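Trainee: I would like to learn how to read a structural model feature by feature, beginning with the overall fold and ending with single residues. Could you take me through one case?

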Amino acid sequence: MTSVDEPARSNGRIRDAARTRAEILDVATREFARAGYDGARVDEIAARTRTTKRMIYYYFGGKEQLFTAVLERAYGVIREAEQELDVDHLDPVAAIRRLAEVTFDHHEQHPDFIRLVSIENIHDAEHIAASEKLGRIGSPALDVIRRILTAGQESGLFTADVDAVDLHAMISSFCFFRVANRHTFGALFGRDLVDPGQRAHYRAMLGDMVIAYLTAERSPDRSGDRHTS
């Protein structure tokens, strides 16, 4: 006969498992970002958590699966921010600026995400390619960008025929470079790209750059480059 306390104990075990899994992911994120995929050690991750190496393998299966889970969660954070983005009440210029600001803010606030993406690129995105979850998650930002571009072109505010993926790459590249290349850029040019005193300047600069691109006049030859290259 099932005790009346059994559901409570079962829910408690579920909560404990979720907390343990989250704690492992927190520590693993920091360790992979610090040491890279090859340099990170499951033993070290276990030592920094309130669990054991055996339990890490129980929850995730191995180091490769753990790194994939770290990537899935990291990408999930920015995808969630994109899904929550509400720009439908804004005009196209303000909307695209707001979208760029969301990416700017996220990348600045999550330097570990930048490091993880850099590490995954070293490994030719093999973990992302093998992840069914990341294959399904897509990018809500692309849908938002497409709607903004359509509204901007129909209203005559945007004169350029721009592909949503190209624009997404343009926004992401600036935001990514600013965090990923902070130290090398600073050593070479004596300027800290994440200096809090310059944050508003770079945030506005990104929006200005994107809007200038969308409102620039295109010659017939230049507008066709994207389709023929």
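Mentor: Let us begin with what kind of model this is: it is a predicted model, and local features are read from it only where pLDDT is at least 70.

Trainee: How many helices and strands does the secondary structure of the protein chain come to?

Mentor: The protein chain has 14 helices and zero strands, so that, read along the sequence, its pattern is α-α-α-α-α-α-α-α-α-α-α-α-α-α.

Trainee: What percentage of the residues of the protein chain count as buried, and how much area does the chain expose?

Mentor: Of its 229 residues, 38% count as buried, while the exposed area is about 13,300 Å², with carbon and sulfur atoms supplying 51% of it. A further view comes from the contacts between residues at least 6 apart in sequence, of which 71% join residues at least 24 apart.

Trainee: How should I read the packing of one helix on another, and at what angle do the axes of helix 6 and helix 10 cross?

Mentor: An angle of 65 to 115 degrees between axes counts as roughly perpendicular. In this model the axes of helix 6 (residues 111-122) and helix 10 (residues 164-180) come within 10 Å and cross at roughly 100°, and the two helices are therefore roughly perpendicular to each other.

Trainee: Which residues of helix 6 and helix 10 meet?

Mentor: From helix 6, Pro-111, Ile-114, Val-117 and Ser-118 take part, and they meet Phe-176, Val-179 and Ala-180 of helix 10. Sorted by class, this contact has six nonpolar residues, one polar residue and no charged residues.

Trainee: Let us turn to charged pairs. How many salt bridges does the structure hold, and where do Asp-105 and Arg-203 lie?

Mentor: A salt bridge is assigned when a side-chain nitrogen of Lys or Arg is within 4 Å of a carboxyl oxygen of Asp or Glu, and the structure holds 19 of them. In one of these, the side chains of Asp-105 and Arg-203 meet with an N to O distance of 2.8 Å. This pair links distant parts of the chain, with Asp-105 in helix 5 (residues 92-109) and Arg-203 in helix 12 (residues 199-215), 98 residues apart.

Trainee: Is Asp-105 buried or exposed, and with which residues is Asp-105 in contact?

Mentor: Asp-105 has a relative accessible area of 13% and is therefore buried, the cut-off for that class being under 20%. Leaving aside neighbours within four places in sequence, Asp-105 is in contact with Arg-98, Arg-199 and Arg-203.

Trainee: What does Glu-108 form with Arg-178?

Mentor: Glu-108 and Arg-178 form a salt bridge, and their closest N and O atoms are 2.7 Å apart. Here too the pair links distant parts of the chain, since Glu-108 is in helix 5 and Arg-178 in helix 10, 70 residues apart. Glu-108 is partly exposed, with a relative accessible area of 22%, whereas Arg-178 is buried, with a value of 3%.

Trainee: Which residues are linked in a network of salt bridges?

Mentor: The network links Arg-98, Glu-101, Asp-105, Glu-108, Arg-178, Arg-199 and Arg-203, and it thus includes both of the pairs that we have just discussed.

Trainee: How far apart in helix 9 are Asp-143 and Arg-146?

Mentor: They are three residues apart in helix 9 (residues 140-155), which means that about one helical turn separates them. Their side chains meet in a salt bridge, at 3.4 Å from N to O. Both residues count as partly exposed, Asp-143 at 43% relative accessibility and Arg-146 at 41%.

Trainee: Where is the place of Glu-31, and is Glu-31 buried or exposed?

Mentor: Glu-31 is in helix 1 (residues 6-39), and it is buried, with a relative accessible area of 3%. Not counting residues up to four places away in sequence, Glu-31 touches Gly-36, Ala-40, Arg-41, Glu-44, Ile-45 and Arg-48.

Trainee: Finally, what should I look for in the backbone, and what is phi of Asp-124 near?

Mentor: Most residues other than glycine have a negative phi, so a positive value deserves a look. Phi of Asp-124 is near 60°, and phi of Ala-125 is near 55°. Asp-124 is in the loop between helix 6 and helix 7 (126-130), and Ala-125 is found in the loop between helix 6 and helix 7 as well. At 69% relative accessibility Asp-124 counts as exposed, whereas Ala-125, at 26%, counts as partly exposed.

Notes: Residues are numbered from 1 along each chain as its sequence is written. This is a predicted model: local features need pLDDT of at least 70, side-chain atom pairs count only at pLDDT 80 or more; totals for chains, interfaces and linings use all residues. Side-chain values use heavy atoms; hydrogens and water are left out. Axes are lines fitted to C-alpha atoms, for helices over the stretch in contact, and angles run from 0 to 180 degrees between N-to-C directions. Helices (H or I, at least four residues) and strands (E, at least two) are DSSP runs, numbered from the N terminus. Angles under 35 degrees count as roughly parallel, over 145 as roughly antiparallel, 65 to 115 as roughly perpendicular and the rest as oblique. Contact means heavy atoms within 4.5 Å. Ala, Val, Leu, Ile, Met, Phe, Trp, Tyr, Cys and Pro count as nonpolar, Asp, Glu, Lys and Arg as charged, and the others, Gly among them, as polar. Buried means under 20% relative accessible area, exposed over 50%, partly exposed in between (1.4 Å probe, protein chains only). Accessible areas come from the Shrake-Rupley method with a 1.4 Å probe; for residues, only the protein chains shown count as cover.
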